[in-house]
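Hello,

Here is the structure I said I would pass on. My notes on it follow below.

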Amino acid sequence: MAERKDIDLRAAINAISDVVQNRPRPLREMDQIYMKTGDMVLQSEMVAKWADKKRLAFIGDGDAISICVAYLQHRGILDYGPSEIKVFDFDERICRAIERFADKERMETLSSQLYNCLDAFPALGEFDCFYTNPPWGASNDGASVHVFVERGMEAVGNSGEGMIVIADDHELEWPQQVLASTQRFALERGFFIQKMASKMHLYHLDDAPDLRSCNLMLKSLPGLDAPSSSHPITDPDRLEHFYGKDKHIRIRYVREKKRVDYGQAHDDEYHYEVFEGESNV
Ligand SMILES: C[S@@+](CC[C@H](N)C(=O)[O-])C[C@H]1O[C@@H](n2cnc3c(N)ncnc32)[C@H](O)[C@@H]1O
């Protein structure tokens with residue numbers, strides 16, 4: 001294997017800082033809870049290595065790990081990374097923020113598509129690996145995780161690898177139940193657990209600031225049949241408590257109202273109080 005150069009940590013952190021400036025503000029009711037910046041740096045490096053030269057699909061990506069991975073490679077901070085990255089997310093603000101960043105930096109390997117994971121998956125088998133940090137299924141024993149994972153398996157056409165980022169806390173009961181049910185789900189679908197990197201990431205989560213997530217890595221068994229078609233998911237049992245207790249899934253798309261520069265204060269956040277004799281404009 002070729003030698004890998006040391007990473008310039010300052011350059012990497014500053015690059016991730018550019019990405020964080022571009023992230024739309026999270027919608028808590030849809031479980032958008034962003035990963036902390038230091039963990040994003042390490043996670044992006046790991047994902048770039050894992051998906052080196054591969055076509056990578058993100059099933060949802062509020063964290064913007066997709067942009068980080070593409071940008072670190074594009075800037076030459078990493079000399080490895082995926083050959084193509086596409087994000088499927090139901091939030092138009094996230095999709096457009098990705099497109100704008102890719103356009104500004106002329107990153108041709110990165111794109112996005114507005115997509116709700118209850119709908120049939122539009123790109124069956126077009127990828128080699130998938131990444132998802134889904135709603136963590138605390139109130140439905142992981143059913144919402146399984147919906148995102150199923151779409152990831154379709155993205156790779158049942159032949160490839162997946163990285164699932166979900167809660168990992170051995171003091172709490174629900175994360176352990178969800179980890180077990182997700183591993184069962186993967187095994188039932190012909191994927192096996194390659195590796196689990198425990199308690200890797202922290203989040204901007206007010207009510208549980210110490211709750212961490214792990215990377216659960218899957219791989220398909222050889223010789224699985226490729227899915228011939230994809231179908232909408234309508235089974236009510238899979239959709240209950242999707243984003244938490246009594247929060248079922250009712251929104252198809254989050255639409256962008258106006259183009260916002262996320263790195264700047266918005267004029268509805270503040271007003272100026274001027275010195276006497278100064279005009280207010
Ligand atoms: C639910 S959040 C999970 C927490 C994660 N740290 C984050 O904020 O990205 C993951 C991503 O899934 C997207 N998402 C949520 N529900 C979705 C759905 N029904 N279809 C497609 N994407 C969805 C969100 O917009 C977000 O980008």
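**Notes on the model**

Glu173 belongs to helix 6, which runs over residues 173–188. Please keep in mind that this is a predicted model. Is Glu173 buried or exposed? A residue with 12 or fewer C-beta neighbours within 10 Å is classed as exposed; Glu173 has 9 inside 10 Å, so it counts as exposed. Along the chain Glu173 and Ala138 are 35 residues apart, and 9.5 Å separates their C-alpha atoms.

Helix 2 covers residues 37–50. At 1.5 Å a residue its 14 residues should span 20 Å, and the end C-alpha atoms are indeed 20 Å apart, so the two values agree. The buried residues in helix 2 are Met40, Gln43, Ser44, Glu45, Val47, Ala48 and Trp50. Their cover includes three strands, namely strand 4 (129–132), strand 5 (161–167) and strand 6 (191–201), along with helix 1 (9–21) and helix 3 (65–74).

Two of those buried residues, Ser44 and Ala48, are touched by Leu72. Leaving aside residues up to four places away in sequence, Leu72 also touches Ala12, Ala15, Ile77, Leu78 and Gly81. Leu72 is among the residues with the most contacts inside the largest nonpolar core, together with Ile67, Cys68, Ile98 and Ile166. That core has 66 residues. In soluble globular proteins, nonpolar side chains tend to be buried together.

Lastly, the ligand. It is surrounded by 23 residues, the closest being Gly60, Gly62, Phe90, Asp91 and Cys117. The shell around the ligand is made up of 13 nonpolar, five polar and five charged residues.

Regards

Conventions: Residues are numbered from 1 along each chain as its sequence is written. This is a predicted model: local features need pLDDT of at least 70, side-chain atom pairs count only at pLDDT 80 or more; totals for chains, interfaces and linings use all residues. Helices (H or I, at least four residues) and strands (E, at least two) are DSSP runs, numbered from the N terminus. The expected span of a helix is 1.5 Å times one less than its number of residues. A residue is buried if 20 or more other C-beta atoms lie within 10 Å of its own, exposed if 12 or fewer, and partly exposed in between; C-beta atoms are placed from the backbone. Two residues are in contact if their C-beta atoms, placed from the backbone, lie within 7 Å. A residue is near a molecule or strand if its C-beta atom, placed from the backbone, lies within 6 Å of it. Ala, Val, Leu, Ile, Met, Phe, Trp, Tyr, Cys and Pro count as nonpolar, Asp, Glu, Lys and Arg as charged, and the others, Gly among them, as polar. A nonpolar core is a set of buried Ala, Val, Leu, Ile, Met, Phe, Trp, Tyr and Cys residues joined through C-beta atoms within 7 Å.
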